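Work through the exercises below with the model open beside you. Try each task before you read its solution.

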Amino acid sequence: MVKIAFAFLFTLVNFTSFVDAAPITTFTSSSEFSRASGPELQFEDWTSYQQDTLLEGKTIDGVTYDSTSSEDLVVGSPHGAGWLLGYSRGDGRYASFSFETLTFSFSEPVVAFGISLSQGNSSRSNTYDGSSEWLVSVDSTSENFTSIATYSQSDFTGEAFLGLLNLNPSTSLTVSRVRSDANIVWNVRDISWSSSTPVTVPEPPVALLLITGIVCLALSRRRWCT
């Protein structure tokens with residue numbers, strides 16, 4: 001019985017260690033990120049919000065919005081590539097982000113976070129090949145993640161998606177643009193998040209470890225496994 005208990009404990013410890021050590025996985029496809037994150041993924045694109053809804057410093061649906069701008073972040077009118085977030089100019093027009101950073105804080109720690117980013121060129125008649133790069137910082141890790149959008153003569157906005165899965169439970173993520181070849185405006189199309197770790201089928205090495213443990217349990221009775 002002692003050997004059986006030891007073999008089971010060894011298997012359980014190794015399996016738990018593997019699960020806890022799962023690395024952060026990145027996605028550049030929103031559909032793949034959604035499938036991997038599971039049905040608990042929540043989604044926000046602000047299209048259902050009333051125009052001029054104040055977001056700055058507010059907590060809505062468990063998300064608190066903060067920016068480094070001296071102006072208040074609000075929900076604007078659809079423009080560009082469907083952008084909605086921005087700063088009101090007071091005349092029915094809205095300014096997009098330039099050098100500001102944007103922080104999303106969560107009432108409940110999240111293990112998955114996705115964000116769709118857009119880069120706008122100055123005008124349709126003044127476009128060129130290029131790219132923009134954003135930095136996404138997570139509060140619970142020293143790692144930062146980059147997202148890059150590309151655009152060309154035939155595409156005056158660049159679209160990019162970054163999904164992060166298997167985060168250490170994190171309460172805030174900060175987004176800033178660190179490089180661009182074109183105009184200095186950018187925006188967020190949508191965000192998604194989940195506080196629940198999806199249940200996944202063990203990878204082959206883990207499955208093999210479990211099988212080995214079971215075999216050891218069976219053979220230990222005959223003293224074949226020491």
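Helices (H or I, at least four residues) and strands (E, at least two) are DSSP runs, numbered from the N terminus. This is a predicted model: local features need pLDDT of at least 70, side-chain atom pairs count only at pLDDT 80 or more, and totals for chains, interfaces and linings use all residues. Residues are numbered from 1 along each chain as its sequence is written, and side-chain values use heavy atoms, with hydrogens and water left out.

**Exercise 1. Place one residue**

Task: Find the strand that holds Val110, decide whether Val110 is buried or exposed, and list what Val110 touches.

Solution:
- Step 1. Val110 lies in strand β8.
- Step 2. Apply the cut-offs: buried means under 20% relative accessible area, exposed over 50%, partly exposed in between (1.4 Å probe, protein chains only). Val110 has 0% relative accessibility, so it counts as buried.
- Step 3. List the contacts (heavy atoms within 4.5 Å). Leaving out residues up to four places away in sequence, Val110 touches Leu167, Asn168, Pro169, Ser170, Leu173, Trp193, Ser194 and Ser195.
- Step 4. Check one distance. Val110 and Ser170 are 60 residues apart in sequence, yet their C-alpha atoms are 5.2 Å apart in space.

**Exercise 2. Map the cores**

Task: Which residues have the most contacts inside the largest nonpolar core, and which strand gives the most to it?

Solution:
- Step 1. Define the set. A nonpolar core is a set of buried Ala, Val, Leu, Ile, Met, Phe, Trp, Tyr and Cys residues joined through side-chain atoms within 4.5 Å.
- Step 2. The largest core has 33 residues. Trp46, Phe104, Ile115, Leu173, Val188 and Ile191 have the most contacts inside it.
- Step 3. At least two residues of this core come from each of β4, β5, β6, β8 (102-120), β9 (130-138), β10 (144-151), β11 and β12 (185-194). The most come from β8, with 7 residues.
- Step 4. Take Leu173 as a case. Beyond four places in sequence, its contacts include Leu102, Phe104, Phe106, Phe113, Val136, Val138 and Leu164.
- Step 5. Another core, of 5 residues, lies apart from the largest one; Phe27, Ala112, Phe161 and Leu165 are among its residues.
- Background: in soluble globular proteins, nonpolar side chains tend to be buried together.

**Exercise 3. Follow β9 to its partners**

Task: How many bridges join β9 to β10, and how many to β11?

Solution:
- Step 1. Use the pairing rule: two strands pair if DSSP finds at least two bridges between them.
- Step 2. β9 and β10 run antiparallel and are joined by 8 bridges. Ser131 stands opposite Thr150 in β10. A hairpin of 5 residues connects β9 to β10.
- Step 3. β9 also pairs with β11, again antiparallel, over 7 bridges. Val136 has Val175 in β11 as its bridge partner.
- Step 4. Check the cover. In β9, 7 of the 9 residues are buried.

**Exercise 4. Find the sheet edges**

Task: Which strands stand at the edges of the sheet β5-β6-β7, and why does each have a side without a neighbour?

Solution:
- Step 1. The order β5-β6-β7 describes an open sheet of 3 strands with antiparallel pairing.
- Step 2. β5 (73-79) and β7 (94-95) are the edge strands; each has a single partner strand, so one side of each is left without a neighbour in the sheet.
- Step 3. β6 (residues 83-88) pairs with β7 over 2 bridges. Tyr87 stands opposite Ala95 in β7.

**Exercise 5. Check two positive phi angles**

Task: Where do Asp61 and Asn166 lie, and how accessible is each?

Solution:
- Step 1. Asp61 is not a glycine, but its phi is positive, about 55 degrees. Asp61 sits in the loop between β3 (59-60) and β4 (63-67). Its relative accessible area is 55%, so Asp61 is exposed.
- Step 2. Asn166 also has a positive phi, near 75 degrees, in a residue other than glycine. Asn166 belongs to strand β11 (residues 157-180). At 25% relative accessibility, Asn166 is partly exposed.

**Exercise 6. Judge the confidence**

Task: Where does pLDDT stay under 50?

Solution:
- Step 1. pLDDT is the predictor's confidence in each residue, from 0 to 100. The chain has a mean pLDDT of 80, and 70% of its residues reach 70 or more.
- Step 2. pLDDT stays under 50 over residues 1-19 and over residues 206-210.
- Step 3. Where pLDDT is low, the predicted coordinates should not be read in detail.
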